[in-house]
Amino acid sequence: MSENRIDLGEMPRGAARAETREPPVPRRSLLAVVSMLLLLTMSAAGATDRPEPPLLLPAARGDTMTVAGDRLFVISGRATSRRTVQAYALPSGRRLFRNTFAVGGEVVNIVDAGDDRMLVTVQNPQSGVFSTIALRGGVPEPLWERPALSHGVSVADGVAVIRQEEVVGAGLTEWHGVDLETGESRWTVHEGLGDDVTLSTWTCGYPQWLYMMTRDGRLQARDTRTGRVTAQVDVPERRSGGVVLWAAGELVMIGAGDQGTTGYDASAGLAPRWRSGLNLTWYRGPTGCGELICAYLPQRGVVVIDARTGLERWSSDRWESAEPVGDYLLAGAPDTAVPALHVLDPATGDVLGQVGPWRSGGPGPEPRTAWVFRAAEGEGRIFYGVLDLPRARVRMLGAAEEAIGDCRFAAGTLVCRRSDYRIGVWRS
């Protein structure tokens, strides 16, 4: 029997009773009061921990949205040749500005360019040609427009990297570093027939280098802020023909099929860092994967390479892709009806934990965490939470009711389209 007792006011045998003492409270009545107080306390705590109701932002059927940093952009549908973009601050949901502009195609992306500027990427559905339009919030006319695709913005340097394909009359592609305010070119690189060009990163942030392998066998690294050539070396692989150029940050790789792959270090004047017998021609990538390099087979399979030595660390046909988050990799098993998320050790490929039917939303609010979400099939809701990567455990934050998908995490919020076409912002 438990030693914990509730004092009901009963006196030990033989003890004197004071004549003025009130009669003891009945046991059942006191327990009822204690239970009620406990219930009220738990209810109050539950109300405090309950997530705030979502912010609901207006949107119509056919509208699209995109998130850039701490801003949400809502783009009107395709009914006319003019589009309206509304910008909201996250997590507050405060509307910042609204712009309407003429467009000859589909809006495929919007990038925050600082000072209430944004770069809108548009693609013509017939020709496939891209255009980049620079807008400023509340200003009716575009700042500038170029027939090119934007590949990165440095707000601090006031420059964007753009690529214009099939320059009329020149038979080549041009790369430009353009002024964010005027659209004028600060530098230009001509990519002719037989040349290969790639950027040091294609996935996030601003690329530090533009790499070019010329048809006559020269490898160049250019500073994308100035366009200046920072290093240049001869590459014997080019003479063998059929070579491929890849980049992973400061490492640029040239693959020559069965002759292997060579990694050149842009931070050391393009000196060869390593040579490997690996034939990566059939792989997608390879690209930076944290401090390593990941390459993927078109169907399924991953090989992880040491960026310092070029040696293979591990490979597996179990994973279709792997996402670096901090010091870990997040991978999904594609053969299941609902892909199960796994936490991997990037150095060995060992499975550190199976998370379950969750999807990654990118780096989380604290170190060694990731945002995750999953749909509740048939329930019209999406659960969201924070994944503790070392423990492979999810801390549930809430459920996005009436959310139907197209979800993004940004500025500590989950942003999703709802069944009524509006956009919900759930704050964690």
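This section walks through the overall makeup of the chain, two of its sheets, one buried serine and the disulfides.

The model is a predicted one, and its fold is very much a strand affair: the secondary structure comes to 1 helix and 36 strands. The chain has 428 residues, and 45% of them are buried. As for surface, about 22700 Å² is exposed, with carbon and sulfur atoms supplying 50% of that area. Contacts over long stretches of sequence are there too: taking the contacts with a separation of 6 or more, 32% link residues 24 or more positions apart.

Now to the sheets. One of them is an open sheet of 4 strands, ordered S14-S15-S16-S17 and paired antiparallel. Its edges are strand S14 (196-199) and strand S17 (229-234); each has a single partner strand, so one side of each goes without a neighbour in the sheet. Neighbouring strands here are turned against each other by 15 degrees on average, ignoring direction. At the S14 end, the pairing with strand S15 (residues 209-213) is antiparallel and rests on 4 bridges. Within that pair, Val197 sits opposite Met212 of S15. As background, strands of a sheet pair through backbone hydrogen bonds, in either a parallel or an antiparallel way.

Another open sheet of 4 strands follows the order S1-S36-S35-S34, again with antiparallel pairing. Strand S1 (55-57) and strand S34 (403-410) are the edge strands here, each pairing on one side only. The average turn between neighbouring strands of this sheet, direction ignored, is 25 degrees. S1 is joined to strand S36 (residues 423-427) by 3 bridges in the antiparallel sense. Leu56 is the residue that stands opposite Gly424 in S36.

Moving from sheets to a single side chain, Ser131 belongs to strand S8 (residues 130-136). Is this serine buried or exposed? With a relative accessible area of 19%, Ser131 is buried, though the cut-off for that label is under 20%. Leaving out residues up to four places away in sequence, Ser131 touches Val120, Thr121 and Val122, and also Glu145, Arg146, Pro147 and Ala148.

That leaves the cysteines. The chain has 2 disulfides, and a disulfide is a covalent bond between the sulfur atoms of two cysteines. With the bonded cysteines numbered in sequence order, the pairing reads 1-2, 3-4. One disulfide is formed by Cys289 and Cys294, whose sulfur atoms are 2.1 Å apart. The torsion about the S-S bond of Cys289 and Cys294 is about -75 degrees, so this disulfide is left-handed. Cys289 is buried at a relative accessible area of 3%, and Cys294 counts as buried at 1%.

The other disulfide links Cys407 and Cys416, with the sulfur atoms 2.1 Å apart. What is the handedness of the disulfide between Cys407 and Cys416? The torsion about the S-S bond comes out at about 120 degrees, so the disulfide of Cys407 and Cys416 is right-handed. Both Cys407 and Cys416 are buried. Cys407 also ties back to the sheets, as its number falls in strand S34 (403-410), one of the edge strands of the sheet with the order S1-S36-S35-S34.

Note on methods:
Residues numbered from 1 in each chain as written. Predicted model: local features only at pLDDT ≥ 70, side-chain atom pairs only at ≥ 80, totals over all residues. Heavy atoms only, no water. Pairing = 2+ DSSP bridges. Axes fitted to C-alpha atoms, helices over the stretch in contact; angles between N-to-C directions. Buried < 20%, exposed > 50% of the residue type's maximum accessible area, 1.4 Å probe, protein only. Contact = heavy atoms within 4.5 Å. Areas by Shrake-Rupley, 256 points an atom, 1.4 Å probe, with all protein chains shown as cover. Disulfide = S-S within 2.5 Å.
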